[in-house]
Amino acid sequence: MKQYNFDETIERRGTDCFKWDALQAMYGRGDVTPMWVADMDFRSPDFVMEAIRKRCKHEVLGYTMPSKGYWQAVTAWLQKHYNIQTSKESLHFIPGIVAGISYALLCLTQPGDRVLVTTPVYPPFLNLPKDSGRTLIGSPLKIINSRFEIDFEDFERKAEGCKLFIMSNPHNPAGTVWDTEVLRRVAEICERHKVIVISDEIHADLTLPGHHHVSYSTVSDKGITFMAPSKTFNIAGLGSSICYIANPELRKRFFSWLDALGVAGGNIFAFTAAEAAFAHGEEWLQQMLEYLNANVQSLDNHLKTRMPKVKAVLPEASYLAWLNFSNYGLSHEQLKDLLLNEAKVALNDGTTFGGKDYECCFRLNLGCPRAMLLNALNHIATALNTAS
């Protein structure tokens with residue numbers, strides 16, 4: 001069995017890498033450690049790179065289509081990992097899940113229609129409805145026992161009159177895993193109020209040891225499920241995602257819209273990489289998840305020993321943690337300045353996940369070599385302890 005090295009440091013500067021090369025534009029300085037954009041600093045898997053190299057040996061990169069092997073790899077992965085029994089007729093390629101959500105908004109709603117989200121949440125869930133002229137309705141999550149929970153009393157009240165609920169499953173930020181009971185309750189409320197559910201399950205494969213991902217599609221067919229190999233195998237730059245719809249009427253409605261936009265064509269390397277990832281990725285993924293889980297434990301230990309005032313929601317899936325620094329007595333702007341200019345670490349600003357309610361909160365990406373994570377945490381702890 002091959003052992004993969006996730007401690008390896010790979011220089012990504014100068015590769016037009018958004019995570020590293022956009023620091024100056026986004027944060028005003030480039031000499032900081034990026035712990036923000038949700039991609040990992042691990043080498044993309046060797047079997048994916050080899051599949052791409054093999055395809056490049058044929059030096060005609062013309063129009064392409066997904067192969068029989070691609071569909072076999074996708075359907076086998078969905079069945080094995082999530083008990084989704086499907087065929088290619090129920091699936092549709094899309095170039096990215098944010099694009100897919102945007103398409104769903106345009107297809108299934110009209111300007112002014114109400115769209116429900118639970119906050120804090122991945123910023124495009126907030127921006128896409130507003131930017132397309134829809135009415136955004138937010139239902140704040142509660143933190144109970146250091147994890148996010150849906151406030152179902154508020155959720156049901158807000159669901160009335162909505163056309164769509166955009167759900168992050170597992171939830172981003174912080175990778176909270178929604179169990180079957182929670183998803184069934186969501187389904188019962190949404191079906192009663194005739195709300196179509198869009199379930200973004202891009203972090204499903206990143207469910208950490210001790211937890212189990214449940215796809216929304218296994219509790220209700222009144223929804224659209226998006227998945228992708230992009231986060232899982234660190235190939236986000238290839239733009240490869242998949243849409244699954246069990247309900248024939250909804251499937252025809254949405255897939256016809258996608259076909260009218262011509263988005264099923266994909267690209268050679270999106271199909272090639274996804275097929276290789278799903279066909280050969282089991283062992284790499286298991287080793288990577290064990291490494292991520294150890295990073296989560298390192299973060300937890302570091303917070304308890306050096307930053308005990310931080311209130312954290314740690315991931316049950318994914319490599320994203322939610323950190324609340326409010327107990328340090330600093331304003332949100334002071335914390336932003338301290339983290340960036342004293343600790344020299346770039347984190348995601350919590351207010352971008354739902355507004356002023358999330359001041360003093362930040363999202364941290366721990367999908368990186370452990371030495372990089374610990375170095376960043378040491379800098380943050382030193383800056384906080386000096387300031388207080």
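Let's start where two helices meet: the axes of helix 12 (residues 332-342) and helix 13 (residues 370-387) come within 9 Å of each other and cross at roughly 130 degrees. Axes here are lines fitted to C-alpha atoms, for helices over the stretch in contact, with angles running from 0 to 180 degrees between N-to-C directions. Helix 12 and helix 13 are therefore oblique to each other, that is, neither under 35 degrees, nor over 145, nor from 65 to 115. At this meeting point, Leu-335, Leu-338, Leu-339 and Glu-342 of helix 12 face Ile-380, Ala-383, Leu-384 and Ala-387 of helix 13, where contact means heavy atoms within 4.5 Å.

A word on the source: this is a predicted model, in which local features need pLDDT of at least 70, side-chain atom pairs count only at pLDDT 80 or more, and totals for chains, interfaces and linings use all residues. Residues are numbered from 1 along each chain as its sequence is written, and side-chain values use heavy atoms, leaving out hydrogens and water.

From the helix pair we can step to Phe-325, whose contacts beyond four places in sequence include Leu-335, Leu-339, Ile-380 and Leu-384. In the largest nonpolar core, which has 73 residues, Met-288 and Phe-325 touch the most other members. Such a core is a set of buried Ala, Val, Leu, Ile, Met, Phe, Trp, Tyr and Cys residues joined through side-chain atoms within 4.5 Å.

Finally, visit Trp-178, in the loop between strand 7 (162-168) and helix 8 (180-192). Trp-178 is buried, at 2% relative accessible area (buried is under 20%, exposed over 50%, partly exposed in between, with a 1.4 Å probe and protein chains only). Among its contacts are Leu-141, Phe-148 and Val-214.

Notes
Helix = DSSP H or I, 4+ residues; strand = E, 2+ residues; numbered from the N terminus.
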